[in-house]
Structures are given as structure tokens and as C-alpha cells.
Amino acid sequence: MHYRLYVLTNKENAKTSEEARNYVYDQLDNDNSFCGEGGRFSCPIADWFVIGGRWSGALTQLLLDQDKLKEFWEEFEEKQLGWTNLTDKKEEDQQRKSQELFMKYFPNFKGEIPVWRDSSHKYTHEGSEDDAQIVTKKLWDVLNKEYEENNEHVGFIPEEPTPEDDGICDLECDEVNEENVVGKKWLVVVDYHS
């Protein structure tokens with residue numbers, strides 16, 4: 001299964017989104033406890049990962065009007081625009097229709113649309129420009145709200161995710177709280193398989 005992981009790293013580790021994405025990728029790639037062969041009595045959390053992947057655009061989605069986004073996803077499901085095994089639906093058609101629907105709800109959106117990216121990116125390891133962002137107060141608040149709705153507070157999300165949950169980890173092992181994160185950290189979204 002695929003899981004989402006939000007990875008934090010110090011702002012000083014990268015000047016751009018591309019540098020932040022590459023930095024996080026390299027750190028995770030070189031950590032055998034995350035992805036690799038593991039040790040004698042342990043196995044890594046993931047057997048494969050990329051920056052973004054199925055969750056490419058997730059950070060941008062967090063910053064959109066959540067009521068409109070909910071309406072978009074409801075219509076998306078109603079029109080069955082997601083992955084399908086039906087042979088009469090081509091992936092390119094599904095992607096095009098999804099993007100048209102997204103623009104119906106967000107007509108003034110500029111840039112790469114934050115839905116249905118994984119097929120066009122073919123799971124490249126570097127993700128998209130918006131898959132790494134400096135944590136702003138707004139991003140923190142929305143992310144915190146997402147976890148509170150799941151009865152968890154960001155500060156208490158497991159720093160070492162397990163296949164049973166999505167999580168947040170900080171590469172520098174700092175305490176994950178607003179004071180340590182907002183304006184001081186990059187947030188990078190990772191798609192991992194376990």
C-alpha cells in the first residue's frame with residue numbers, strides 16, 4: 001500500500017523547493033531504517049518511495065478553500081474520475097476531465113493543478129515544485145486542523161511512522177510544534193510504499 005509522509009527539515013538545508021526535495025530524498029534514500037535492507041532484526045518502513053507521487057499537490061490542496069475542495073472531490077467521485085479498471089476509460093481522458101472539473105471550482109488557479117499528477121509524472125523521484133514548501137502559519141494551521149479532525153494533534157503524530165498511519169517526521173529530530181516549525185522548516189510530501 002501507499003502511504004503519505006510529511007517530512008520536515010531545517011530551512012537552512014535548502015534555498016529552493018528543488019533543493020529541499022532533493023535533500024529530503026537523499027536523506028531518506030540513505031537511511032536504511034526508512035528504505036533499504038534494514039538490519040538483522042529489523043526491516044525498513046518502506047520498500048520504495050518518491051517525493052510527491054500520489055500525493056503530489058497535497059500541500060497546495062491544503063491551502064485551497066476547503067469547502068470548495070470538498071465539493072470538487074464529491075463531484076470527482078460522483079463522476080468516477082479516479083483510478084478505474086474499466087477498459088472504456090482511458091487514463092488521459094480521466095486526467096483531462098479531472099483537471100477541467102478542478103478549474104470549474106477554482107477558475108482563478110494559476111500553476112500546475114494539484115490533482116491527478118501521478119500519471120503524468122510517472123512517479124519520478126523529484127516531485128513537483130509545490131511538493132516542498134516553507135511552513136507558513138496558514139500551512140501549519142491547516143495541517144494541524146487536518147490531524148485534529150482525526151483526533152490527533154500535530155505535536156503527537158508519530159515521528160517514526162508505521163504502515164498503519166500517515167505521519168510527520170523531522171529529519172533533525174526537533175520537537176514538532178508551531179514554535180519550532182513555522183518559518184523555520186521546509187515541509188516535503190513523500191509517497192512511500194510498504
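## Close-up views of a predicted model

**View 1. The largest nonpolar core and its best-connected members.** Of the 20 residues in this core, F34, F49, V190 and Y192 touch the most other members. Strands β1, β2 and β5 and helix α1 (17–29) each supply at least two residues of the core. The structure shown here, as in every view, is a predicted model. If you zoom in on F34 and set aside its neighbours within four places in sequence, you will find it in contact with L5, L28, P44, I45, A46, F49 and Y192. A second, separate core has 15 residues, including Y6, A58, L139 and V176. As background, nonpolar side chains in soluble globular proteins tend to be buried together.

**View 2. Strand β5 and its pairing partners.** Strand β5 covers residues 185–193, and 8 of its 9 residues are buried, so the rest of the structure largely encloses it. Strand β1 (residues 2–10) runs antiparallel to β5 and is joined to it by 9 bridges; here N10 stands opposite K185. Strand β2 (residues 48–51) also pairs with β5 in the antiparallel sense, over 4 bridges, and W48 has H193 as its bridge partner. Strand β3 (residues 132–134) adds another antiparallel pairing with β5, over 3 bridges, in which Q133 is matched with L187.

**View 3. K185 and its acidic partners.** K185 is buried, with a relative accessible area of 0%. One salt bridge connects K185 to D170, with the closest N and O atoms 2.9 Å apart. Because K185 lies in strand β5 and D170 in strand β4 (residues 167–170), the pair ties together parts that are 15 residues apart in sequence. D170 is buried too, at 5% relative accessible area. The side chain of K185 also meets that of E172 in a salt bridge (3.5 Å, N to O). E172 sits in the loop between β4 and α7 (178–181), 13 residues from K185, and is partly exposed at 24%.

**View 4. Helix α4 and its two sides.** The 15 residues of α4 (residues 91–105) should span 21 Å at 1.5 Å a residue, and the end C-alpha atoms are indeed 21 Å apart. Its buried residues are Q94, Q95, S98, L101, F102 and Y105. Seen down the helix axis, these fall within an arc of 130°, so they line one face of α4. E92 and K104 are exposed on the other side.

**View 5. A salt-bridge network.** E75 and K79 meet through their side chains in a salt bridge (2.9 Å, N to O). E75 counts as buried at 12% relative accessibility, whereas K79 is partly exposed at 46%. Salt bridges with shared partners join E75, K79 and K104 into one network.

Conventions: Residues are numbered from 1 along each chain as its sequence is written. This is a predicted model: local features need pLDDT of at least 70, side-chain atom pairs count only at pLDDT 80 or more; totals for chains, interfaces and linings use all residues. Side-chain values use heavy atoms; hydrogens and water are left out. Buried means under 20% relative accessible area, exposed over 50%, partly exposed in between (1.4 Å probe, protein chains only). Two strands pair if DSSP finds at least two bridges between them. A nonpolar core is a set of buried Ala, Val, Leu, Ile, Met, Phe, Trp, Tyr and Cys residues joined through side-chain atoms within 4.5 Å. Contact means heavy atoms within 4.5 Å. The expected span of a helix is 1.5 Å times one less than its number of residues. The arc is that of the directions from the helix axis to the C-beta atoms. A salt bridge is a side-chain nitrogen of Lys or Arg within 4 Å of a carboxyl oxygen of Asp or Glu.
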